[in-house]
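Here's a quick look at how the parts of this model touch one another, between chains and between domains.

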Amino acid sequence: MSGIKDRVAVIGMGCSKFGERWDSSSSDLIVEAAYEAFEDAGIEGKDVQAAWLGTVGSFRTGQPLAAALKLDYIPITRVENACATATDAFRNACYAVAAGIYDIVLAVGVEKLKDSGFSGLAVAEPAGADVNPPVPPPSQFALAATRYFHQYDIPYEEGKMTLAQIAAKNHHNGTMSPKAHFQREVSADQVANAPMVAWPLGLFDCCGVSDGAAAAIITTPEIAKTFRDDYILVKGLGLSVGAFGIMRNDWDFTHFPESVRASQAAYQEAGISDPRQEIDLAMVHDCFTITELIIYEDLGFSPRGRASDDVAAGTFSLEGELPVNTDGGLKCFGHPIGASGIRMIYEVYKQLQGKAEKRQLKDPTLGLTHNLGGRPGSFTCSVALFGTRD
Amino acid sequence: MAGISASGAYIPRYRLGPETDGWDSPGQRSIANFDEDSVSMAVAAGIDCLRGRAREEIDGLLFASTTPPYAEKQCASIIATALDLRRDIFTADITDVLRAGTTALKSALDSVVAGSAKHVLVVASDNRQGAPKGEAERNSGDGAAAFVISNEGIIAEQAGFHTITESLIDTWRSAGDRFIRSWEDRFAIEEGLERILAEAISGFFDKEGLSVKDVAKLALYSPDARRHGQLARQLGFQADQVQDPLFGRMGNTGTAFPLMLLASALEDRAPDQLLLAVSYGDGSDVLGFRTTPNIAAPGSGLSVSGYLDSGQVLDSYETYAKWRDVWLTDSASRRPQAQAPSVTAMWRESDQNIKFHGAVCNQCGYVQYPPQRVCVECQTKDDSAPVRLSDKPGTVFTYSLDYLAGTVDMPLAIAVVDFEAGGRVLCMMTDREVDEVKIGLQVEMSFRKLRVVNGIHNYYWKAVPVRKAA
């Protein structure tokens, strides 16, 4: 197994404005993201040899991508893998290039959530016998929060404040992201005192439900050199899918094995032994504040049960030791499910190129993205690592 | 020889009472939660009755109710499946009249006497709806009783029977009626209840060569407390012969009512006592039972007194009115409309969803829910045995209180429950006060109705805090 490290490069990326895009269809969002990527790479639609479209519910096939961009009878595959959808579309595109099948490919993620008329996620499940309890996403992660506080003996008020600081950090970062859904400061007190959604998680512990799209142009490092000097290399790709659900009595709800496995796979490919020291920025799946807290531990950034110390120390703020969710994260940039993974890659790509404007970190060379989809006990998790060229 | 070998009951946790805002009655009555109906309460009473007993023994199940959820489709078969009884049993719904409970008891006794069955489970259950704030609503209660009628191990032997049939429109509901209707009170009581019960009870005494003084306890149907006292006196019974009718605590539970009073009388555990169960509706059934020395052994269920003593008075009539759908409100949160369940999937998953079977791996012994073809622990394929989890105690491992899930009882308590015997399930909680939901809470499973879509009543199990007598 040779792995993906340094075998593919990203030469262009685009990302639509995220938010309540009442005026735009899914296809409009695709055009907005893909044309920015084409322009960034200096290519045209006709240069794309194959494409992958990631979407959870906006389209059923890959064909709408061809229709939106008028792609020329090329192969297109629709990918759906919960909240890891976009990263998995990107991953499959990378493998096709690494296998030597294509030179230039396109990966797009898109989601149009706000046409449903419902707040929160309102994705219809197949009916079946219909006896499973309705467990909306906030409650799925509230189960983890309740147990986390209990296991580490964290008083409710203290736990709420730790989570609130994560939301406040991401809100602060969002104010510097022109394409983010929410661009407004929110204080930790406001977060902690917000109306309850799924105890112990309140309104501001939950990420935005948004419309959006993001796109990436992938090629080989050799071809990348002919397009631009500041292309970005893929260093590692990990994907882990949980099989045990909550059927095991010994699972603690305070760590997500899928995140551990996917990150370890990616670290191994990239040759990373000390993620906290080696990684310069991370875009992680902060669907809820508790998720980001647990991810710090699952990804090896913080010791088990101690992530709150790092939150208090500001480790993950823009000025901290390991900035996390520099663009506002799912919390503020928004979470159009099938687009989020490539949106994260977009931020890492811009940071590594030094084009992240007010959010720009000092000379980052290695960035991580992480998506977690499904529900506790049966997640799909993707981790991707990106680096600057030597 | 035929008689009662076990008895049990179920009374919902919640009550309307003097403390209930908007409820103007000095006494309490029991009320089914929004997710309870006659079928779910019958299952609960059946569980109470069958505690510590081999369920494979049961040869038949009779379900008596005036409030079966289906007009066409048997309910006894749902109850038998939820109770995990054998397939080769006879089942029937006995409905449409408040007398149905005693009719079911008599039918079960006849089956056992005839030798067609050794053990028959009888469950009577009702949640009748009176019009809001009316007399029927005030005097009614919701509850269920269950008995095993057997030819051995008898705690109360059959001791006579008499019945009167007379068609009388004093209390009725037609198809499509939501609320109980009744004719003028004075006519209904004098020409109905008083005349017919007198005839039935004197007929019983004449037939059996007994008299009023032979009776230790009378389990007597009556629509309300005042009539109950009057009737017992008119029939010649002394106050100490009359089983407490529980008006002001439970209320008239319809078909289940005389059976619950009988179960209550059995809780005295006194041998050689003549007990009379008297029902009313289009006539009357009078059933005599004589307790045997076996009755001294304590039962393992909560029965009437245990469920009575573990109640909780609702704060507000409005909550009850929402549960009954007589107070129509805008849904608290916008959610997509519930889809009709797939009947095919319901049938395929009946063992896991209705019997609440998990699986125990024959190779490694790991208990898992729902049953898996490939073991979650050792990955052995197709080598497990079913294990019933519905009667296993559990503990809350973690939980959430959800304000968005679109439930009647906001917030929706969602819990991860670990069973003592192994196995873990993610489920809804019900009959819970928000401040009692904690990690470590002891729970038991309760069969509840999730929703009705396309006329399909979809039942499943929820976790409830363990009901204990105070």
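Into which domains is chain B divided? Chain B splits into domain 1 (3-323) and domain 2 (343-465), with bounds from an automatic or database domain assignment.

A note on the ground rules: this is a predicted model, where local features need pLDDT of at least 70, side-chain atom pairs count only at pLDDT 80 or more, and totals for chains, interfaces and linings use all residues. Residues are numbered from 1 along each chain as its sequence is written, while chains are lettered from A and ligands numbered from 1 in the order in which they are written.

The C-alpha centres of the two domains of chain B sit 30 Å apart. Here are the two sets of contacts, a contact being two residues whose C-beta atoms, placed from the backbone, lie within 7 Å.

| One side | Other side |
|---|---|
| chain A, 31 residues | chain B, 36 residues |
| domain 1 of chain B, 20 residues | domain 2 of chain B, 16 residues |

On the domain 1 side, helix 1 (38-50), helix 2 (76-82) and helix 9 (317-323) of chain B each give two or more residues; helices (H or I, at least four residues) and strands (E, at least two) are DSSP runs, numbered from the N terminus. Helix 1 of chain B has the largest share, five residues.

Now the chains. Helix 4 (137-151) and strand 5 (196-199) of chain A each give two or more residues to the side touching chain B, and helix 4 of chain A gives the most, seven. Strand 5 of chain A also runs antiparallel to strand 18 (residues 394-402) of chain B, joined by two bridges. Within strand 18 of chain B, Asp402(B) stands opposite Ala198(A).

Definitions and conventions: Pairing = 2+ DSSP bridges.
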